[in-house]
Amino acid sequence: MASDRDQIFSLSGPIYLTTILDWRNASHRRSIAASLVKGVSTLERDRQQNRQGPHALAQPWWESFNFRLIQTLVDGKDRSIFGAIFQYKFPNYMSSHNYQNPPNYVIAFRGTIMKRKSISQDLKLNLRIIVNRQCSSSRFSTGLQAVQNIIQNHGISNIWLAGHSKGSAIALIIGRDMAKIGIHLETYLFNPPFASLPIDKINNDTLKHGIRCAHSLITGGLAFTVNMMSTSTNRPSDNDDTFTKLCGWIPYLFVNPSDLICSGYLGYFEHMEKMIESGADEMARIVTRNSIRSIIATAIGKESEPSQNLPSAYVITNLSPRPYPEKLAHGVSQWWTPDLRCNYKRYQFW
């Protein structure tokens, strides 16, 4: 059981919240969202290790906060659990009219589990994320259908999306799709993958800025060329209205600067901000709506969307002074530690 310590809620979870939970507190909401994601991961580990009944470890990760599991989301090929739907149940001593606005439902998606029974499908999805093809994954379609069913049956009031690592990539795409039709779901993305060259690891700030500017110029030039080609051949160009609809949806992105998988978001938003401050608003709009990969795909007649590019977000950066090895920097447990130091910044460019 020693190797399972991180899955045992009483040893590794935010047990301090079971007595002081305040749904109006942003840190508490963050910690609960992360705990539910951890619950999905532990649920899959229970399945793989055949832990049942009193030996199962997953339930405290949601039951400690008055949630109940109403549905698991299962991969059709390896039967692994990659997501779950949780419903909040008000305590008997509290009514829904005088409580603090907890979510009615949370749809949560786990990260990668490097175990034999799930590794193959997990890595396939990771590769799809790198090449921006996660929308073709059956896990995305299953997750999207689950969210649509919840909305259809229970309305859109107070529904959260949450995910860690590749799970946050699924939640991000679902959140984007909902935003396109005017449904803005509160979304918590822990260590969301940002597929790019590791520019942030360059120590020279001038060189980093130069590389980003060059990349923006190339992206802008390609986008202009493809748009002109689309116009001349009467092919529809990229729908700017679709991206504009995303501006009102502001997901929460939780980023550790030491994590190569997600740290690119820090440079992305900082660069967009600098471009706008310098008066290059139109270029920033073009770069944010496009990526070199999506432009090339559009040019050859394949629909592609730069899903990691966002016009708006709350970016929460882990500023805790202790050093983070790579594994811990990418772990979801960092986001419920009581002494966590964070920087909150809202980006909303348009």
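Which residue forms a salt bridge with aspartate 4, and how far apart are the closest N and O atoms? Select aspartate 4 and arginine 51: they form the salt bridge, with the closest N and O atoms 3.2 Å apart. A salt bridge here is a side-chain nitrogen of Lys or Arg within 4 Å of a carboxyl oxygen of Asp or Glu.

Before going on, note that this is a predicted model, in which local features need pLDDT of at least 70 and side-chain atom pairs count only at pLDDT 80 or more, while totals for chains, interfaces and linings use all residues. Residues are numbered from 1 along each chain as its sequence is written, and side-chain values use heavy atoms, with hydrogens and water left out.

**Salt bridges**

Stay with the opening pair. Aspartate 4 lies in the segment before helix H1 (9-12) and arginine 51 in the loop between H3 and helix H4 (60-63), so the salt bridge ties together parts 47 residues apart in sequence. Helices (H or I, at least four residues) and strands (E, at least two) are DSSP runs, numbered from the N terminus. Aspartate 4 and arginine 51 are both buried; buried means under 20% relative accessible area, exposed over 50%, and partly exposed in between (1.4 Å probe, protein chains only).

Next, select aspartate 122 and arginine 110, a salt bridge whose closest N and O atoms are 2.8 Å apart. Aspartate 122 is in helix H5 (residues 119-130) and arginine 110 in the loop between strand E3 (105-109) and H5, so this pair ties together parts 12 residues apart in sequence. Both aspartate 122 and arginine 110 are buried.

Move to helix H7 (residues 166-180), where aspartate 177 and lysine 180 are 3 residues apart, a separation of about one helical turn. Their side chains meet in a salt bridge (3.6 Å, N to O). Aspartate 177 is partly exposed at 23% relative accessibility, and lysine 180 is partly exposed at 21%.

To see a network, select Asp75, Asp78, Arg110, Asp122, Arg139 and Lys166, which are joined by salt bridges that share partners. The structure's count of salt bridges is 13.

**Strands around E5**

Select strand E5 (residues 186-190), where 4 of the 5 residues are buried. Add strand E4 (residues 159-164), which runs parallel to E5 and is joined to E5 by 5 bridges; two strands pair if DSSP finds at least two bridges between them. Alanine 162 stands opposite tyrosine 188 in E5. From E4 the chain passes through H7 to E5 in a right-handed β-α-β crossover: with the strands pointing away from the viewer, the path from the first strand over the helix to the second runs clockwise.

Now add E6, which pairs with E5 in the parallel sense over 3 bridges. Tyrosine 188 stands opposite tyrosine 252 in E6.

**Aromatic pairs**

Keep tyrosine 252 selected and add tyrosine 314: the ring centres are 4.7 Å apart and the planes at 15 degrees, so the pair is stacked. Rings of Phe, Tyr and Trp (its six-membered ring) pair if their centres lie within 6.5 Å; planes under 30 degrees apart count as stacked, over 60 as edge-to-face and the rest as tilted. Tyrosine 252 is in strand E6 (residues 252-255) and tyrosine 314 in strand E7 (residues 312-318), 62 residues apart. Tyrosine 252 is partly exposed, at 23% relative accessible area.

The structure holds 23 aromatic pairs. Go to one of them, tryptophan 23 and phenylalanine 67, which is edge-to-face at 6.1 Å centre to centre and 75 degrees between the planes. Both residues, tryptophan 23 and phenylalanine 67, are buried.

Finally, select the cluster linked by ring pairs, whose members include Trp23, Phe67, Tyr188, Tyr252 and Tyr314.
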